[in-house]
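Open the model in your viewer and keep a selection tool at hand. The stops below go from one side-chain pair to the next and end with a pair of helices.

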Amino acid sequence: MLETFSIEVEGADEVVAMLRSVSREAVAGGFIKGLEAGAAVIERELLARTPEGDPASRHEGETPLKDSIVTEIYFNPRYGTMNADVGFGNEGYKARFVEYGHRMVGHKPDKKELSHVEVKPFMRPAAAAAFEPAVHAFGTALFEEVKKVAGEAFSVGGAA
């Protein structure tokens with residue numbers, strides 16, 4: 001089942017006016033700082049909820065999930081969008097195994113079930129818990145960075 005989030009933005013007119021009153025570079029810098037701040041909130045929540053796992057069951061050289069959390073911030077010039085992806089990098093498949101549960105099945109001819117791992121949701125609850133604080137952190141960082149670049153006379157709505 002796909003879970004969705006919705007957000008209600010108040011003061012959108014003021015935000016649009018603020019962003020139009022400064023240079024593209026200031027806006028881009030603000031968005032980068034905002035994405036970094038929002039992603040940091042999500043990372044902290046994810047780190048707090050990611051199960052430790054059993055070190056004895058780890059293969060040699062295997063990275064624990066908590067040590068695999070990464071954030072990638074990138075610009076998509078084709079669509080003019082900026083994104084922050086918070087996840088587990090190359091270990092993402094393991095996080096999904098934990099989140100949704102799985103079973104291990106042997107090879108032919110028997111294909112006998114060897115073990116069953118119960119569902120342990122942690123990613124979706126982390127996303128839900130971090131949602132509002134991350135949006136707030138994004139907005140605050142965006143505003144502060146644009147204000148810093150635009151100067152002290154800057155205010156919401158672009159008025160001095």
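Start by selecting Arg49 and showing its side chain. In this predicted model, Arg49 has a relative accessible area of 35%, so it is partly exposed. Now add Glu45 to the selection. Glu45 is also partly exposed, because its relative accessibility is 22% and the buried class ends at 20%. What do Arg49 and Glu45 form? The two make a salt bridge, and the closest N and O atoms are 2.6 Å apart. To see how they are placed, colour helix α2, which covers residues 24-49. Both residues belong to this helix, and because they are 4 residues apart, about one helical turn separates them.

Side chains of opposite charge can pair when their charged atoms come close. The structure holds 6 salt bridges, and two others are visited next.

Select Glu99 and Arg124. They form a salt bridge whose closest N and O atoms lie 2.5 Å apart. Glu99 sits in helix α3 (residues 92-100) and Arg124 in helix α4 (residues 123-150), so this pair ties together parts that are 25 residues apart in sequence. Is Glu99 buried or exposed? With a relative accessibility of 0%, Glu99 is buried. Its partner Arg124 is partly exposed, at 25% relative accessibility.

Move on to Glu113 and Arg103, and show both side chains. Here the closest N and O atoms of the salt bridge are 3.4 Å apart. This pair links strands: Glu113 is in β4 (residues 113-117) and Arg103 is in β3 (residues 102-105), so the bridge ties together parts 10 residues apart in sequence. Glu113 is partly exposed, with 41% relative accessibility.

For the last stop, hide the side chains and display helices α2 and α4. How do the two helices run relative to each other? Their axes come within 7 Å and cross at roughly 155°. Because angles over 145 degrees count as roughly antiparallel, α2 is roughly antiparallel to α4. The crossing of these two helices is right-handed. Then bring back the side chains where α2 and α4 touch. Sorted by class, the residues of this contact are 21 nonpolar, 4 polar and 4 charged.

Before closing the viewer, go back to two residues already selected. Arg49 lies in α2, one of the two helices in that crossing. Arg124 lies in α4, the other helix of the crossing.

Key:
Residues numbered from 1 in each chain as written. Predicted model: local features only at pLDDT ≥ 70, side-chain atom pairs only at ≥ 80, totals over all residues. Heavy atoms only, no water. Salt bridge = Lys/Arg side-chain N within 4 Å of Asp/Glu carboxyl O. Buried < 20%, exposed > 50% of the residue type's maximum accessible area, 1.4 Å probe, protein only. Axes fitted to C-alpha atoms, helices over the stretch in contact; angles between N-to-C directions. Parallel < 35°, antiparallel > 145°, perpendicular 65-115°, else oblique. Left-handed = near helix turned anticlockwise from the far one by under 90°. Nonpolar A, V, L, I, M, F, W, Y, C, P; charged D, E, K, R; others polar.
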